[in-house]
Amino acid sequence: PNEQLWPVGWLLRIPPRVRVRCPLAMLVSTQITLALLVVVTLFLLRVYFANRAAYKYPDTKIWDLSSQDLGYAGCLRVSKTLRLSKARAARGEPLVRELILRGNGIGCEELDVLLGGLRSMAGCGLFLARVDLAENSLGMSGGMAIAKFITEYPLAVRRWDLEKNNIGAIGATAIFRASVASHHQHHDRKIARKTKQAPKANEKKKNKNKNNDDDDDDDDTSARVGVAWLDLGRNNIGDDGVRSIVSVVSDEIKG
């Protein structure tokens with residue numbers, strides 16, 4: 001028992017033999033040991049609950065980070081957090097439904113970082129109801145990057161708020177064209193599902209699968225229909241941009 005007190009003996013600066021003959025020193029040593037144990041336990045609990053809170057915070061589903069002057073470092077942290085979707089994709093629990101980054105001075109470099117996080121989510125089969133990048137500095141290059149992202153992942157984001165980004169006619173037309181094409185992707189997906197029917201010999205099973213496919217299509221239509229909302233206001237589109245967008249609409253109607 002005497003040797004058990006030695007690890008904290010240096011705190012009291014009392015030799016072991018003297019400490020053995022001093023009950024008060026033994027009591028103080030025991031109290032210090034317990035105090036250290038309590039402190040370490042509280043620290044570990046604090047770290048545990050802090051990490052748990054940080055992990056569960058996205059359950060709010062809406063991240064409003066507007067006018068926070070995020071910069072490149074802030075966008076990188078957001079992107080890394082979005083990549084955590086892989087850990088929860090199996091349970092069907094997306095980290096976020098709406099990502100609001102309005103008024104953060106986001107440029108092309110910051111946008112590339114954010115789109116990397118969104119690609120990670122889309123690769124897990126998760127999607128966002130809204131991405132708000134209004135009042136930033138995307139420019140035409142940023143508009144083309146978003147158009148490319150929509151082309152690659154047409155069902156990843158349902159609503160884009162992109163007003164006041166000086167995207168211009170070329171960028172706005174590219175985004176609009178990709179958004180229209182996203183609906184074709186959804187329609188082709190529905191057709192592909194309906195073509196996967198059971199053999200005709202088993203009529204009962206065929207009808208059952210058909211009903212299940214119809215139910216799935218209804219759920220998919222309500223949630224993943226491509227880009228359903230696109231705000232490109234105050235982006236210096238000009239007459240040329242308007243004519244290009246009208247041309248896309250005309251081609252869609254004729255098609």
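Which residue forms a salt bridge with arginine 243, and how far apart are the closest N and O atoms? The partner is aspartate 240, with 2.5 Å between the closest N and O atoms. The views below start with this pair, and please keep in mind that the model is predicted.

**View 1. A salt bridge within helix H10 joins arginine 243 and aspartate 240.** Both residues belong to H10, which covers residues 238-254. They sit 3 residues apart, about one turn of the helix. Arginine 243 and aspartate 240 are both exposed.

**View 2. Arginine 130 and aspartate 161 form a salt bridge between two strands.** Here the closest N and O atoms are 2.9 Å apart. Arginine 130 is in strand E3 and aspartate 161 in strand E4, so the salt bridge ties together parts 31 residues apart in sequence. Arginine 130 has a relative accessible area of 18% and aspartate 161 one of 2%. Buried means under 20%, so arginine 130 counts as buried, and so does aspartate 161.

**View 3. Glutamate 135 meets arginine 102 across distant parts of the chain.** The closest N and O atoms of this salt bridge are 3.3 Å apart. Glutamate 135 is found in the loop between strand E3 (130-132) and H7, while arginine 102 is in the loop between E2 and H6, 33 residues away. Both are partly exposed: glutamate 135 has a relative accessible area of 36%, and arginine 102 has 21%. If you zoom out, a network of salt bridges links Glu98, Arg102, Arg130, Asp132, Glu135, Arg159, Asp161 and Glu163. The structure holds 9 salt bridges.

**View 4. Glutamate 163 is a buried member of that network.** This residue lies in the loop between strand E4 (159-161) and H8, and its relative accessible area is 7%. Beyond residues up to four places away in sequence, glutamate 163 touches Arg102, Ala134, Glu135, Asp231, Gly233, Arg234 and Asn235.

**View 5. Leucine 162 belongs to the largest nonpolar core.** This core has 37 residues, and Leu133, Ile146, Trp160 and Leu162 touch the most other members. Helices H4, H6, H7 and H8 and strand E2 each supply at least two of its residues, with the largest share, 6 residues, coming from H6. Leaving aside neighbours within four places in sequence, the contacts of leucine 162 include Leu133, Ile146, Ile175 and Leu230.

**View 6. Phenylalanine 43 helps to make a nonpolar surface patch.** Its fellow members are Val40, Leu44 and Val47, and the patch covers about 370 Å². Phenylalanine 43 is in helix H3 (residues 23-56) and counts as exposed at 51% relative accessibility.

Definitions and conventions: Residues are numbered from 1 along each chain as its sequence is written. This is a predicted model: local features need pLDDT of at least 70, side-chain atom pairs count only at pLDDT 80 or more; totals for chains, interfaces and linings use all residues. Side-chain values use heavy atoms; hydrogens and water are left out. A nonpolar core is a set of buried Ala, Val, Leu, Ile, Met, Phe, Trp, Tyr and Cys residues joined through side-chain atoms within 4.5 Å. Buried means under 20% relative accessible area, exposed over 50%, partly exposed in between (1.4 Å probe, protein chains only). Helices (H or I, at least four residues) and strands (E, at least two) are DSSP runs, numbered from the N terminus. Contact means heavy atoms within 4.5 Å. Patches are made of residues with over 30% relative accessible area and no salt bridge: like charges are joined within 9 Å, nonpolar side chains (Val, Leu, Ile, Met, Phe, Trp, Tyr) within 5 Å. Accessible areas come from the Shrake-Rupley method with a 1.4 Å probe; for residues, only the protein chains shown count as cover. A salt bridge is a side-chain nitrogen of Lys or Arg within 4 Å of a carboxyl oxygen of Asp or Glu.
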